[in-house]
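Visitor: I would like to go through this structure and ask what lies behind the terms used for it. Please show it to me before we start.

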Amino acid sequence: MIIQDVGQQHLTRIQPTTEGIRTWRTYLKEYQFNKKYPDDAYVWLTCILALEAVGVGNFGVGCILINNQGDILAQGHNKIFHPYFRSDRHAEMVVMDDFEDAHPEPSGLGAYSLYTSLEPCPMCLVRLSTSGINKILFAAPDVSGGMVHRMNNLPPFWFELAQGKIFSQAQCSPDLVHAATQILLLNLNELTTEVKVRQRKVSVSI
Ligand SMILES: [Zn+2]
């Protein structure tokens, strides 16, 4: 299936339960790929998956894994809260779990690319460094939580493992970088508060 169809299918499943979701759903539905940017279509799809995550009450981050032909091998979004609380279910983890469970002995991983709507956090960067995938591209920089711009602060073992791999911002239109950022912000504060309230509840019950 071509990427436009995959994206449009996801868009039809997103319920416009808030004004923000409605606005970005329409924007992504009508978005025209910008031929100047080779990663535009892939980043567009990660933004749609991010919006889908927001729609079901998760953090707005989406992710896909493609092979060197551009075929989508795995796709997913953040699942920290829904269907149930799982602290490790970042979009990249969801995609890599699905892919690795389905392909216990993959070949040609070095030619695959992983796209994510947000700069990977330390946990995901370390996991991706171990995965065998050599190219990890993100749309929106994450100044406060992203690890790619802080690679030099990795412990030496992980720093060495990450060497020779591409971790960088995707070549997509600035409009999609903006979309990825705004979609994340739709429920970021609300869900961050929920995580903190949950932490307090758990520590009280222990
Ligand atoms: Zn992460």
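**Helix packing, sheet and exposure**

Guide: Helix H2 (residues 19-30) packs against H3 at an angle of about 155°, and their axes are 11 Å apart. The model is a predicted one.

Visitor: Why are H2 and H3 called roughly antiparallel?

Guide: The angle between H2 and H3 is about 155°. Angles over 145 degrees count as roughly antiparallel, so the term applies to this pair.

Visitor: Which residues make the contact, and what is the hand of the crossing of H2 and H3?

Guide: H2 passes H3 in a left-handed crossing. From H2 the contact takes Ile21, Trp24, Arg25 and Leu28, and from H3 it takes Trp44, Cys47, Ile48, Leu51, Val54 and Gly55. By class these are eight nonpolar residues, one polar and one charged.

Visitor: What makes one residue of this contact polar and one charged?

Guide: Gly counts as polar and Arg as charged. Gly55 belongs to the H3 side and Arg25 to the H2 side, so Gly55 is the polar residue and Arg25 the charged one.

Visitor: How is helix H1 placed against H3, and what is that arrangement called?

Guide: Helix H1 (residues 3-13) packs on H3 at about 15°, with 10 Å between the axes. Angles under 35 degrees count as roughly parallel, so H1 is roughly parallel to H3. The crossing of H1 past H3 is left-handed.

Visitor: Which residues of H1 and H3 are in contact?

Guide: On the H1 side they are Ile3, Val6, Gly7, His10, Leu11 and Arg13; on the H3 side they are Ala41, Trp44, Leu45, Ile48, Leu49 and Glu52. The contact of H1 with H3 has eight nonpolar, two polar and two charged residues. Trp44 and Ile48 are listed in the contact with H1 and also in the contact with H2.

Visitor: What makes H4 and H5 roughly parallel?

Guide: The axes of helix H4 (91-102) and helix H5 (residues 122-131) cross at roughly 30° and come within 9 Å. The limit for roughly parallel is under 35 degrees, so H4 and H5 meet it. Their crossing is left-handed. Glu92, Met93 and Met96 in H4 meet Cys124, Arg127, Leu128 and Ser131 in H5. That contact divides into four nonpolar residues, one polar and two charged.

Visitor: What is the strand order of the sheet, and which strands are at its edges?

Guide: The sheet is open and has five strands in the order S2-S1-S3-S4-S5, with mixed pairing. Strand S2 (72-77) and strand S5 (166-169) are the edge strands, since each pairs on one side only. On average, neighbouring strands are turned by 15° against each other, direction ignored.

Visitor: How do you know that S1 pairs with both S2 and S3?

Guide: Two strands pair if there are at least two bridges between them. Strand S1 (residues 62-66) is joined to strand S3 (residues 113-118) by four bridges, and these strands run antiparallel. S1 and S2 pair in the antiparallel sense over five bridges. Both counts satisfy the criterion, so S1 pairs with each of them. Ile66 stands opposite Ser113 in S3, and Gly62 stands opposite His77 in S2.

Visitor: What lies between S1 and S2, and where is helix H3 relative to the sheet?

Guide: S1 and S2 form a hairpin with five residues between them, and Gly70 in the turn has a positive phi of about 85°. Helix H3 (residues 40-55) lies across S1, S2, S3 and strand S4 (135-140), running at about 140° to S1.

Visitor: Where is the cis peptide bond?

Guide: A cis peptide bond, with omega about 10°, joins His82 and Pro83. Pro83 is in the loop between S2 and helix H4.

Visitor: Why is Val202 called exposed, and why is Ser168 called partly exposed?

Guide: Val202, in helix H8 (residues 188-205), has 9 other C-beta atoms within 10 Å; exposed requires 12 or fewer, so Val202 is exposed. Ser168, in strand S5, has 13 C-beta neighbours inside 10 Å; this falls between the limit of 12 for exposed and 20 for buried, so Ser168 is partly exposed.

Methods. Residues are numbered from 1 along each chain as its sequence is written. This is a predicted model: local features need pLDDT of at least 70, side-chain atom pairs count only at pLDDT 80 or more; totals for chains, interfaces and linings use all residues. Helices (H or I, at least four residues) and strands (E, at least two) are DSSP runs, numbered from the N terminus. Axes are lines fitted to C-alpha atoms, for helices over the stretch in contact, and angles run from 0 to 180 degrees between N-to-C directions. Two residues are in contact if their C-beta atoms, placed from the backbone, lie within 7 Å. Angles under 35 degrees count as roughly parallel, over 145 as roughly antiparallel, 65 to 115 as roughly perpendicular and the rest as oblique. A crossing is left-handed if the near helix is turned anticlockwise from the far one by less than a right angle, and right-handed if clockwise.
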